[in-house]
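Thanks for asking me to look this over. Below are my notes, set out point by point so that you can follow along with the model open beside you.

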Amino acid sequence: MKLELRGITKTFGSLVANDRIDLVVEPGEIHALLGENGAGKSTLMNVLYGLYEPDGGQILLDEQPVTFDGPGDAVAAGIGMVHQHFMLVPVFTVAESVALGHEPTSTGPAGLLDLQSARRRVREISERFGFDVDPDAVVENLPVGVQQRVEIIKALARDARVLILDEPTAVLTPQETDELIAIMNELKQAGTTIVFITHKLREVRAVADRITVIRRGQVVGEASPESTEAELASLMVGRQVSLAVDKRPADPREAVFVVEDLSVLSPAGTAVVDRVSFTVRGGEVLCVAGVQGNGQTELAEAVLGLVPAAHGRILLDGSELSRLAVRDRLRAGIGFVPEDRSTDGVVSSFTVAENLVLDLYDAAPFARGPAMSPARVHDNAQERTAEFDVRLTDVQDPISTLSGGNAQKVVLARELSRPLRLLLASQPTRGLDVGSIEFVHRRIIEERDKGTAVVIVSTELDEVLALADRVAVMYRGTVVGIVDAADADRDVLGLMMAGVPLEEARQEASRHHSSLGEADLTAGSEGGLT
Amino acid sequence: MSSQGTGPDTDQDTRSAPQPARGGDVLREIVTGNAVISVLAVVVAMAVGGVLIAVADSGVRGSSTYFFARPGDTLVAAWRAVSGAYVAMFRGSVYDWQAATFAAQVKPLTESVVYAIPLILAGLGVAIAFRAGLFNIGAQGQIIVGAIVASYVGFAWDLPVVLHLLLAVLGGLLAGALYGAIPGILKGRTGAHEVIVTIMLNYIALYFISWILKQQAFNPGRTGQRSPAVEGSATYPLLVPDLLVPGNSFRLHAGLLVAILATVFTWWLLERSTLGFEIRAVGANQHAARTAGMSVARTLALTMAIAGGMAGLAATAQVLGTERSLTAGVAASIGFDAITVALLGRSRPLGTFLAGLLFGALKAGGFLMQSVTATPIDIVLVVQSVIVLLIAAPPLVRSIFRLPAPPARRRRRPRAARPAGGPSQEVTAP
């Protein structure tokens with residue numbers, strides 16, 4: 001089915017999320033929609049899926065103009081969408097999930113639920129495209145990659161001929177990404193049109209037939225998959241960008257931060273962090289890599305004291321932290337950049353100035369006894385925002401008026417404003433634009449060069465490879481292995497993220513390169529990126 | 001549920017998009033929305049009250065039987081009824097130009113203030129709790145407990161003039177604070193919901209006061225449900241001195257100064273103190289507060305103690321100011337009206353002060369309105385209820401007055417769902 005968007009405009013108040021966007025997707029092609037976070041990709045797709053009503057413009061399917069009052073209309077017209085975070089009920093089986101929303105019922109007055117036909121449908125689609133999904137498996141027991149296939153089956157079961165995949169690889173390991181790419185190619189062969197939303201240059205080049213780049217709500221250009229990553233990046237950002245982090249080799253000093261045999265239990269009593277040990281020296285960056293949900297979050301929270309450690313020791317400069325309150329750990333010299341900035345990092349209704357003292361408000365010079373000094377808080381905010389180049393109109397505005405990148409700079413400015421022994425940052429560049437990512441990375445390396453021990457928890461392999469001096473890979477709560485960044489390559493790390501021990505991963509990686517690893521090699525020969 | 005804005009790589013623009021507000025956001029808007037809505041809510045409530053006054057008026061009903069023949073009669077009668085009632089209310093609450101002496105002319109205003117004092121104090125208690133994200137339904141119980149202790153100190157102890165009052169006030173304050181701290185501590189330690197705990201504590205206080213009024217210490221003469229009168233040394237001094245006014249009948253007492261001081265203190269606490277910073281941070285985002293090293297449990301307990309202390313002060317205005325003895329009905333409905341006062345005042349100290357004055361005026365004016373125009377005083381209750389209703393539904397007020405919607409705030413994003421198969425068994429976004 002041919003999909004055409006003509007002059008789609010969508011505004012939210014004064015924000016123009018989509019500005020006269022034209023897009024033509026030919027039948028049976030994989031069309032990548034590339035753009036930074038906040039560029040307007042998701043808004044556009046939500047318009048297409050009937051979630052938003054456009055303020056202007058037209059949607060045409062096979063040259064026929066259509067209007068959607070809701071996702072129901074879009075689904076009926078043959079559009080399917082796989083959201084970045086899946087819309088599945090954990091305790092349902094695959095067949096039940098697929099039936100949900102248009103449950104097949106038996107004919108006759110009783111109208112009983114007919115799961116048999118749903119099961120049949122799942123099996124049919126699964127076999128046709130080589131999905132390998134059991135209709136009777138319970139969703140919560142399936143790996144993420146398979147859950148994603150369930151979402152795709154859901155769309156196909158409703159006869160989707162245009163499939164929108166919104167950031168589908170965000171939660172996948174590189175190997176799972178490979179499998180997804182294979183599935184996308186199968187679907188393409190069968191004539192399904194695919195719109196693939198992403199901001200990852202590598203994937204676009206590996207899979208797309210055509211690429212449309214969106215910046216600030218406007219289409220800024222089309223590109224072919226033969227374009228280099230640097231070309232795509234500059235098109236996406238609007239200027240030349242350096243994808244590599246400029247850093248000197250680490251100059252590691254004495255061991256500063258030691259985790260010994262640390263275990264953390266989930267509320268249900270299972271070990272989410274399982275006997276993890278590592279040492280970080282002053283002046284080096286240890287990246288904790290892994291697919292989201294393998295215990296990294298809990299590890300970081302346990303280090304700060306937000307969740308109790310069930311077992312093991314946490315040592316900073318030789319002194320035990322495990323029994324200290326969060327406040328005392330911060331005072332001992334831990335700088336903490338939380339994974340979820342908007343939930344844990346800032347109070348969104350507070351002013352920028354208040355957020356800049358969120359963990360310093362009761363210490364001199366901001367407070368004397370029980371009284372705070374608004375003037376000092378204000379002055380501090382002026383200094384910090386200037387130093388960290390935070391773009392804002394007034395430090396007394398709520399931080400919710402700032403973009404994600406600027407809010408993250410506020411968090412970083414706060415944490416780096418006191419003398420640190422350990423900087424612990426989780427997903428420090430999640431949701432940021434390329435310019436902010438450069439800035440955050442540079443500040444992290446600067447902090448390292450001051451002799452601070454740095455731990456970065458990241459699920460983005462690009463970030464890990466850019467920042468790390470050493471990489472610890474976590475899988476199901478354990479550290480699979482720790483490798484020097486010099487020896488770490490994408491394929492080996494990818495296999496380790498799936499739980500393969502280091503040595504095996506090395507052997508397997510040498511036998512077979514993943515397609516993204518190959519893209520890596522070609523990219524390397526093209527322009528020395530990564 | 002839609003999928004917007006959940007994960008690491010979602011476009012930010014979906015966050016600023018209009019989407020149904022979550023429960024916490026709704027409560028926050030109700031509790032701390034803007035002052036315009038408050039003022040308009042009062043206007044609408046008065047209009048609704050006016051309609052009811054007209055409907056209840058016998059003259060209007062009489063003329064409405066021939067409405068289609070002479071609609072003018074009905075409208076004139078309605079205008080007379082409504083304006084008469086509200087004019088009487090104004091005379092009873094602010095300034096009575098028909099009274100003979102100047103003293104009698106301004107007395108209604110002082111009466112309004114007398115009714116307002118406990119409402120302001122208890123309202124501040126509710127407002128402080130709101131700012132920490134706590135719904136303090138327990139002002140009623142905290143007032144009762146504060147009143148028991150303040151009155152006991154007032155009538156049973158024999159102390160020098162200034163000290164006696166100070167100790168009685170302090171007793172009320174501490175008793176209220178301790179009683180208020182209970183739900184705060186339980187919430188911080190065990191997560192017990194403060195609404196349920198405070199409601200239950202209200203019942204406990206209610207039955208406790210009935211019981212204690214039957215005890216020898218509080219009821220030595222077995223005369224009934226009233227304690228001995230509070231000693232003169234423990235009462236709030238009257239603010240209008242006898243020598244100024246012949247036949248002084250002004251009840252305005254120094255509790256007003258306490259209310260003003262408490263309002264200023266609350267402002268300082270919330271806007272200028274480290275504890276206030278913690279209260280606001282915990283109220284706005286507990287996760288961020290905890291991550292920044294604040295002790296959420298401690299903050300919740302302290303907040304509720306301060307809230308209870310304010311209610312205890314409200315109790316002293318009753319037992320040491322206007323009533324001057326303890327009765328089972330000492331708290332009247334102050335503890336519940338205080339919730340409305342805090343809501344109308346948007347949990348801001350000055351707003352709560354003004355809202356308390358308004359409610360005091362409604363109460364004082366209601367009496368004269370009833371006696372002069374035979375309009376039932378229940379109209380006041382209706383007006384108060386409509387105010388609550390409108391404040392709880394800001395979009396309704398906005399649509400009545402065609403106000404623009406507030407700028408879409410960026411919503412907190414829920415935590416990203418974790419994939420299955422890993423150690424965490426949470427699976428997908430619901």
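**Notes on the model**

1. Let me begin with A:Pro168, which counts as buried because it has 26 C-beta neighbours inside 10 Å, where 20 or more is the cut-off. Please keep in mind throughout that this is a predicted model. A:Pro168 sits in the loop that links β7 to α6 (174-189) of chain A. Apart from neighbours within four places in sequence, A:Pro168 is in contact with A:Val82, A:Gln148 and A:Leu180. If you want a longer-range landmark, A:Gln292 is 124 residues away from A:Pro168 in sequence, with 14 Å between their C-alpha atoms.

2. The strand before that loop belongs to a sheet worth tracing on screen. This open sheet of chain A has six strands in the order β6-β7-β8-β3-β9-β10, and its pairing is mixed. At its edges are β6 (79-82) and β10 (218-223) of chain A, each paired on one side only. From one strand to the next, the twist averages 20°.

3. How do β6(A) and β7 of chain A pair? They run in the parallel sense, with four bridges between β6(A) and strand β7 (residues 162-166) of chain A. Within this pair, A:Ile79 stands opposite A:Val162 of β7(A). Helix α8 (residues 229-237) of chain A packs on the sheet, where it touches β3, β9 and β10 of chain A, and its direction makes about 170° with that of β10(A). Another helix to look for is α1 (residues 41-48) of chain A, which lies across β3 (30-35), β6, β7, β8 (193-198) and β9 (210-215) of chain A and runs at about 150° to β7(A).

4. Chain A also has an open sheet of four strands, ordered β12-β11-β14-β15, with antiparallel pairing. Here β12 (271-281) and β15 (319-320) of chain A are the edge strands, each pairing on one side only. Strand β11 (residues 255-265) of chain A is joined to strand β14 (residues 311-316) of chain A by five bridges, and the two run antiparallel. In that pair, A:Glu260 stands opposite A:Arg313 of β14(A). Helix α9 (residues 296-304) of chain A packs on this sheet and touches β11, β12 and β14 of chain A, its direction making about 65° with that of β12(A).

5. Turning to domains, the assignment for chain A gives domain 1 (3-237), domain 2 (255-333 + 419-488) and domain 3 (346-418). The C-alpha centres of domain 1 and domain 2 of chain A are 34 Å apart. Their contact takes eight residues from domain 1 of chain A and seven residues from domain 2 of chain A. On the domain 1 side there are four nonpolar, three polar and one charged.

6. Next, the nonpolar core. In soluble globular proteins, nonpolar side chains tend to be buried together. The largest core here has 285 residues, and those touching the most other members are A:Ile164, A:Val473, B:Leu121, B:Ala122 and B:Met310. Helix α5 (residues 102-131) of chain B supplies the largest share of this core, 15 residues. Beyond four places in sequence, B:Leu121 touches B:Ala259, B:Ala262, B:Met310, B:Leu313, B:Ala314 and B:Ala317.

7. Finally, is B:Arg348 buried or exposed? It is buried, because 22 other C-beta atoms lie within 10 Å. B:Arg348 is located in the loop between α13 (334-344) and α14 (349-373) of chain B. The C-alpha atoms of B:Arg348 and B:Phe130 are separated by 9.8 Å, although the two are 218 residues apart along the chain.

Terms used. Residues are numbered from 1 along each chain as its sequence is written. Chains are lettered from A and ligands numbered from 1 in the order in which they are written. This is a predicted model: local features need pLDDT of at least 70, side-chain atom pairs count only at pLDDT 80 or more; totals for chains, interfaces and linings use all residues. A nonpolar core is a set of buried Ala, Val, Leu, Ile, Met, Phe, Trp, Tyr and Cys residues joined through C-beta atoms within 7 Å. A residue is buried if 20 or more other C-beta atoms lie within 10 Å of its own, exposed if 12 or fewer, and partly exposed in between; C-beta atoms are placed from the backbone. Two residues are in contact if their C-beta atoms, placed from the backbone, lie within 7 Å. Domain bounds come from an automatic or database domain assignment. Ala, Val, Leu, Ile, Met, Phe, Trp, Tyr, Cys and Pro count as nonpolar, Asp, Glu, Lys and Arg as charged, and the others, Gly among them, as polar. Two strands pair if DSSP finds at least two bridges between them. Axes are lines fitted to C-alpha atoms, for helices over the stretch in contact, and angles run from 0 to 180 degrees between N-to-C directions.
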